[in-house]
Amino acid sequence: MRDGNIRVSTEAHHRELYNNMKTCGAIEDFHEFFFACVCVGYSRGKARPLERKDDRFWSRTVTPLEWDCYHAIIMQVNDFQVSAVMDEKRMFEKLEEYANAGIDIIIDEFLRDYLITRDARDSPQLDPNGVINLPKAFLYYLLQQSEARS
Amino acid sequence: MSSNQTCEDSGVPAFIRDKLVLYPEPVRRLATRAIELSESHKKQAVCEQVVGMIRSQIKATRDDGNGD
Amino acid sequence: MAMVIKRIILENFRQFVGRQEIVFESAEFPEKNVVVVYGQNGRGKTGLFRAVVFCLYGERKLSQDGDVPENEIRLANLTMLRDHPGTPVRTSVEMTFSHNGYTYDLLRSIRVMREGDKEYEQLDEIRLRVLEPDGNTRVVDVRDVPATVAKVLDPRVKDYFLFDGEKIERLTRSGLEQRREIRNGVRNLLGVDALETAIEASDCAVKSFNKALSSDPRTTENMARLLNELGGAEIESEAVSRRVDELADEERLSRDEMSRIDEKLNKYEEIRHLLNKRIDNEQQIKALTQKASISMSSMSELVCRTAACIVRPTLEAVFNYIDERKRKGDIPAEIRRDLILRILEEGHCICGNRITECTPEYYNIKRWLERSDDSSLQDAALDLWRYLSAALDRMENDRAEAQKRIIEHSEVVSEAQRLVDENAQLQSQIGGSDRQDISELDSMRSRIRAKQVQIEAEARNCSSRLVELEGRIARLKARIEEERRTANLNTVFSGRYGLAVAVRDALKEVHESYTGEIKAIIGEKVTEVFRALIDAEGRTALKRIVVDDDYSLEVLDRWDRSFLANVSAGQRQIMSIAFISALASCASGASTINMPLFMDTPFGRLSSAHRNNLIRHVPTIASQWILLATDTEFTRAEATELMRTGQWGTFYQLVATPEGNTVIEGQRVEDALAYLR
């Protein structure tokens, strides 16, 4: 369990956004943003398969708390079968779909105000001039999500 | 700089020489020479000299059979 | 061993007409290292130092001459030129000095002729004789004279061994130009300039080899790309570093300007309390802004723990499920799965009874089997149960922590804003004053303040960018190294590049370490000398002197607050003397100053306590002290104090002649008091 050699992917379209979130200090590393997206996507019951996979990070960067949550999510989805968490590669494939849906929700509900407004087909990109308060605002958004679910 | 230097001494201050001692040859030698040249030459001239010294050093190393 | 001037012979040099001699080192008491040359202004005290510089280096200009063109500084005695028109007048300085057991006799002469209103000058003779410790004498080739002299006293050092009262005072005025002067002097003196040039030159070599390596066909595409990226990142890093330095200068300049304006505004009694309040508020705003910035950067630490709270219901559900199965005995199973399988296979229970298919017992055992998991799954479930238990326990605290941090940040920002608003009101009170001069000063201040805020923001951005770039450069270097190893790239180009990088990095490391240590050493030395020279009141108020990152001096009081702006003129002089002494001592590489120290009217603004401290202390830190003093500052009081040190060796008076020339008259030290006021 807790296989560190799995390559976790996101939509290629979101690579820039992941980089921007890290540069502006809203997250310390990519696995954190992925985790937040999984939590938001799963809590809304949404999943979306990836169209164009792009490697994002190694599973060895995932923290113990994230592993616990991932295992719990996959168990719940699989009717509480413990065996469902043994195939972690498959587990991440499912989590990637939750994250993919979750990031859309986060962009739609929260990050839209921070993006450089361009053509909708372009990858979303944060406006470097507008992100000074983003770390706090993002944390607040997550807090609000947790309060809505409790 | 120190008035206590003899004719044979390098123009490099003792403080700096003491620190360069910790580095291996030829790094130490080349670094010392670069500082000495910088006392009286401009950057570009020193750069050209340093480039030349490095070329010679690598050639000498390879001629000793250490290269490929 | 120290350099000591034994004697100087002047011939028709400046106002010294004819051939005149000053003996600096007393034959009877060579260990007495203080020489006093006493005379009114204009009698040639500075001329003596000019003679030394001319003799040693062939230079006629001193730093105090400022912008005066060198060819306007005359060396030949005017009376002789006037009295001998059309005839070359020999002007010379001969100096005998000792150093490291060698005795040097150096002569430098020119011939000057006046015809009509024109003067013609020609080099006459340069001669250097060296008496070696073994008693042999050799004559140094005229081409080798500059190098020989430089080894005794480096030309760059000379500006720090003569200091006059003006220079002393100039060096410690607060202001960007003066700081630069100190910085350049220190860097030059200690060879930092040469080290920095060497770094730039080696960096240039690295770039050159980088380019060659990238273009080498044997270099992999990946390696070439990495090298290009590294080159780009290093160039950007240099540019950003330079900008950071520029911003630091701009910030200091604006701070100095702000202090000057505040000082002026402070004179207006009616608004003083408002000004003080405004300054207090500004300091608090700065502290709160910094606190808010730190708080903001810490928000990312809580992202994971807060996001986990979103899926709390899931964690609870899974935890409860496993918990239930534990209570039922399914996990860990009361009977192991492999045992159940064996029972079914063999058809015998552990109690010995037969188990037949389609019987109730058979179905019970099948149900056992269904409920049981293999041991690895059971272990996984137990582990998960434990982890989830711990995670759920912490969750409420995690949420509370996130809330607390958000609220705290908001409070800090809010408080800062309140102070900003308060200052805006104070601003309108101060600026709205009936006095136009106050309003104008205050507007200027607002503009400077706005500029400061801009500078601070840009400096922060640059610093973050530098950190990012440094990280990127380090990663690229590691990848390049790995690429070299894995590709086994042992080509000539790769070797050259590697060596160039090693030399450059070595020089940079030495620079960082050296400059840090030197600043600390100078700071300690300056403080040591300063505390020996300053009066008791100064010692109480002023704790130490430190050398800032840009090599400027900062005086700190006993609470480590900056005190430079409040230092009195006399204390500034002492500080300057301490600084130059420390510098000279560091340059000598010894704990004392191994060169003759010429002080031209150093007592100008010093109190008697400071003068006495100077008189007592300087002979102990310099190999030779040549005190050039006027009648107003070197009185019987100073002479008495100097006699007490037992170090006063020789005494000369510079006496004016009716023609405006100067005659050097030697007097006995014991009789000095008779000549003084």
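User: Which residues of H9(C) are buried?
Analyst: This is a predicted model, so keep that in mind as we go. Helix H9 of chain C covers residues 303-310, and seven of its eight residues are buried, so the helix is largely enclosed by the rest of the structure. The buried ones are C:Val303, C:Cys304, C:Thr306, C:Ala307, C:Ala308, C:Cys309 and C:Ile310.

User: C:Ala308 is on that list. Which separate core includes C:Ala308, and how many residues does that core have?
Analyst: C:Ala308 belongs to a nonpolar core that also includes A:Leu17, A:Ala26 and A:Cys39. Those names come from chain A and chain C, and this core is separate from the largest one. It's the second core, with 69 residues.

User: OK, and the largest nonpolar core: which helix gives the most to it?
Analyst: The largest core has 122 residues, and those with the most contacts inside it are B:Ala31, B:Ala34, B:Val50, C:Val36 and C:Ala578. One helix of chain C puts 15 residues into this core. That top contributor is helix H15 (residues 492-533) of chain C.

User: What does C:Val36 touch, leaving out residues up to four places away in sequence?
Analyst: C:Val36 is one of the residues with the most contacts inside the largest core. Leaving out those sequence neighbours, its partners are C:Leu627, C:Ala629, C:Phe634, C:Trp648 and C:Phe651.

User: Is C:Arg484 buried or exposed?
Analyst: You'll find C:Arg484 in helix H14 (residues 436-486) of chain C. The cut-off for being buried is 20 or more other C-beta atoms within 10 Å. C:Arg484 has 20 C-beta neighbours inside 10 Å, so it counts as buried.

User: How far apart are the C-alpha atoms of C:Arg484 and C:Gly498?
Analyst: Along the chain, C:Arg484 and C:Gly498 are 14 residues apart. In space, their C-alpha atoms are separated by 9.8 Å.

User: Let's do strands. In which sense do E5 and E6 of chain C pair?
Analyst: E5 spans residues 102-115 and E6 spans residues 118-131, with 13 bridges between them. For instance, C:Tyr104 has C:Val130 in E6(C) as its bridge partner. The two strands form a hairpin with two residues between them, and C:Gly116 in the turn has a positive phi of about 65°. The sense of the pairing is antiparallel.

User: Which residue in the turn between E6(C) and E7(C) has a positive phi?
Analyst: E7(C) takes in residues 137-140 and pairs with E6(C) in the antiparallel sense over four bridges. Within that pairing, C:Leu128 stands opposite C:Val140. E6(C) and E7(C) form a hairpin with five residues between them, and the turn residue with a positive phi, about 100°, is C:Gly135.

User: How many residues of chain C are in contact with chain A?
Analyst: On chain A's side, 36 residues take part. Helices H2, H3 and H5 of chain A each supply at least two of them. By class, that side has 21 nonpolar, nine polar and six charged residues. Over on chain C, the number is 34.

User: What pattern does chain A follow along its sequence?
Analyst: Chain A has five helices and two strands. Of its 150 residues, 43% count as buried. Read along the sequence, the pattern is β-α-α-β-α-α-α.

User: And how do the elements of chain B run?
Analyst: Chain B has three helices and zero strands. From the N terminus on, that gives α-α-α.

Definitions and conventions. Residues are numbered from 1 along each chain as its sequence is written. Chains are lettered from A and ligands numbered from 1 in the order in which they are written. This is a predicted model: local features need pLDDT of at least 70, side-chain atom pairs count only at pLDDT 80 or more; totals for chains, interfaces and linings use all residues. Two residues are in contact if their C-beta atoms, placed from the backbone, lie within 7 Å. Ala, Val, Leu, Ile, Met, Phe, Trp, Tyr, Cys and Pro count as nonpolar, Asp, Glu, Lys and Arg as charged, and the others, Gly among them, as polar. Two strands pair if DSSP finds at least two bridges between them. A nonpolar core is a set of buried Ala, Val, Leu, Ile, Met, Phe, Trp, Tyr and Cys residues joined through C-beta atoms within 7 Å. A residue is buried if 20 or more other C-beta atoms lie within 10 Å of its own, exposed if 12 or fewer, and partly exposed in between; C-beta atoms are placed from the backbone.
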